[in-house]
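Please open the model in your viewer and keep a selection panel at hand. The tour below goes from one selection to the next and says what is to be found at each stop.

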Amino acid sequence: MKTVTRREFIRVSSGVLSGLLITPSTALSFQRIPPRIQCVTTSKEASFMGVSLIHEHILVDFIGADKYNPNRWYRDQVLKKVLPYLQEVKALGCQTIVDCTPAYLGRDPLLLKLVSQATGIQIITNTGYYGARQNKFLPAFAFTESADQLASRWVREFKRGIDDTGIKPGFIKIGVDPEPLSPIHQKLVQAAARTHLKTGMVIASHTGPAIPAFEQMEILRNEGVHPQAFIWVHAQSEPEKEKYIEAVNEGAWVSLDGVSDQNVDEYLQLLLFMKEKQLWHRTLVSHDAGWYHPGEPKGGEFRPFTTIHKKLLPLMVQNGFTQVEIDQLLKVNPANAFAIRVKPLVK
């Protein structure tokens with residue numbers, strides 16, 4: 001196998017080295033090198049991620065993969081709509097937004113780059129396909145291609161950039177339905193696992209209840225991927241909160257990403273539970289807010305990204321959370337979750 005120098009490994013972490021196989025042994029031998037994140041404008045050390053919202057959307061188009069067409073929106077119009085919301089949350093201290101809109105649902109890396117340049121907010125986009133909602137947003141070839149073929153597409157985006165933009169993804173976004181995994185969804189997870197082993201990108205999976213979450217973790221283990229590389233998205237949908245303990249014991253991230261003005265008390269209780277059960281080091285939180293709606297007048301209703309800063313954080317302080325704990329939730333955990341590094345299952 002080709003010998004990897006320190007300089008080459010840094011280039012791998014930023015997604016600019018092609019043709020070099022990253023193996024678990026290679027990754028483990030360079031643990032002291034600072035991990036990196038991949039934003040739409042640049043790659044940088046994960047420690048520069050800062051205060052982060054790890055699940056938001058700038059634009060989403062629910063028309064379906066069979067009718068999907070990026071000509072349904074104009075970037076200048078989207079910018080005019082969304083910039084005030086981004087500027088508002090930046091003024092509150094937000095430094096990074098992870099845009100979770102997948103391919104065939106409105107992912108537009110050029111738009112995200114324009115937003116990032118106009119606001120100074122770091123934005124991370126994704127690769128992967130979204131199988132939730134009964135596969136409405138999967139392209140036709142996703143049903144016929146193998147897991148290896150799908151993974152090849154995603155690895156190619158990591159190495160070369162999305163389409164012809166040169167903009168690279170910083171994580172893998174997939175989606176499954178809230179039930180036992182179907183064969184197509186099992187394949188998506190397998191493809192995500194194989195992509196992770198070749199890129200080090202974390203896997204954020206729209207999931208919901210615990211049953212598909214733990215099924216996905218089992219597939220990852222079978223593929224040689226440690227559950228540390230898995231973000232259980234929308235874990236707040238699982239009514240049995242003890243499942244969070246099991247997931248964290250496996251190594252997974254528990255993402256509570258649906259904060260709104262109407263449910264801050266509910267999320268406070270979830271966060272108190274995570275703190276009490278000593279799960280704080282694997283807890284993530286966000287709004288799943290936004291977004292510009294193509295086809296609706298003036299882009300439709302846009303839900304701001306500010307509830308966490310304006311309402312949830314004051315409640316947390318009132319209920320005994322320290323600044324160190326808040327920084328862990330909004331700075332340290334996001335940087336650890338989205339840092340690009342291979343997490344192999346070491347037997």
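Throughout this tour, a residue is called buried when its relative accessible area is under 20%, exposed when that area is over 50%, and partly exposed in between, as computed with a 1.4 Å probe on protein chains only. This is a predicted model, in which local features need pLDDT of at least 70 and side-chain atom pairs count only at pLDDT 80 or more, while totals for chains, interfaces and linings use all residues. Residues are numbered from 1 along each chain as its sequence is written, and side-chain values use heavy atoms, with hydrogens and water left out.

**The cysteines**

Begin by selecting Cys100, which counts as buried because its relative accessibility is 2%. A disulfide is taken here as a pair of cysteine sulfur atoms within 2.5 Å, and by this rule the count comes to zero disulfides. The closest cysteine sulfur to that of Cys100 belongs to Cys94 and lies 13 Å away, which is too far for a bond. Move on to Cys94, which is likewise buried at 2% relative accessibility; its sulfur has its closest cysteine partner in Cys39, at 12 Å, and this too is too far for a bond.

**The nonpolar cores**

Next, colour the nonpolar cores, each being a set of buried Ala, Val, Leu, Ile, Met, Phe, Trp, Tyr and Cys residues joined through side-chain atoms within 4.5 Å. The largest of them holds 86 residues, and the members that touch the most others are Trp232, Tyr244, Leu312 and Met316. A second core, separate from that one, has 19 residues, including Ile37, Val98, Phe338 and Ala339.

Centre the view on Tyr244, which is found in helix H9, where helices (H or I, at least four residues) and strands (E, at least two) are DSSP runs numbered from the N terminus. Tyr244 is buried, with a relative accessible area of 0%. If contact is taken as heavy atoms within 4.5 Å, then Tyr244 touches, among others, Trp232, Val254, Leu256, Leu270, Phe273 and Leu279, once residues up to four places away in sequence are set aside. For a longer view, draw a distance from Tyr244 to Leu313: the two are 69 residues apart in sequence, and their C-alpha atoms are 22 Å apart in space.

**Two helix pairs**

Two packed helices are described by the angle between their axes and the distance between the axes. The axes are lines fitted to C-alpha atoms, for helices over the stretch in contact, and the angles run from 0 to 180 degrees between N-to-C directions.

Select helix H8 (residues 210–222) together with helix H9 (residues 242–250), whose axes come within 11 Å and cross at roughly 15 degrees. H8 and H9 are therefore roughly parallel to each other, given that angles under 35 degrees count as roughly parallel, over 145 as roughly antiparallel, 65 to 115 as roughly perpendicular and the rest as oblique. Show the side chains at the contact, which is made by Ala210, Phe214, Met217 and Arg221 of H8 and by Lys243, Glu246, Ala247 and Glu250 of H9.

Then turn to helix H10 (residues 264–276) and helix H11 (residues 307–318), which pack at an angle of about 55 degrees with their axes 10 Å apart. That angle makes H10 oblique to H11. The residues in contact are Val264, Asp265, Tyr267, Leu268 and Leu271 on H10, and Thr307, Lys311, Leu312, Leu315 and Met316 on H11.

**Backbone stops**

Which residues does a cis peptide bond join? Select Gly290 and Trp291, between which omega is about 0 degrees; Trp291 lies in the loop between strand S11 (283–286) and H11.

Go next to His234, in the loop between strand S9 (230–233) and H9, which has a positive phi of about 65 degrees although it is not a glycine. His234 is buried, with a relative accessible area of 9%. Gln134, in the loop between strand S6 (126–127) and helix H5 (141–144), also has a positive phi, near 60 degrees, but Gln134 counts as exposed at 70% relative accessibility.

**A last stop**

Finish at Leu150 in helix H6 (residues 147–160), which is buried at 0% relative accessibility. Leaving aside neighbours within four places in sequence, Leu150 is in contact with residues including Tyr129, Phe141, Lys187 and Leu188. The C-alpha atoms of Leu150 and Lys187 are separated by 8.9 Å, although the two lie 37 residues apart along the chain.
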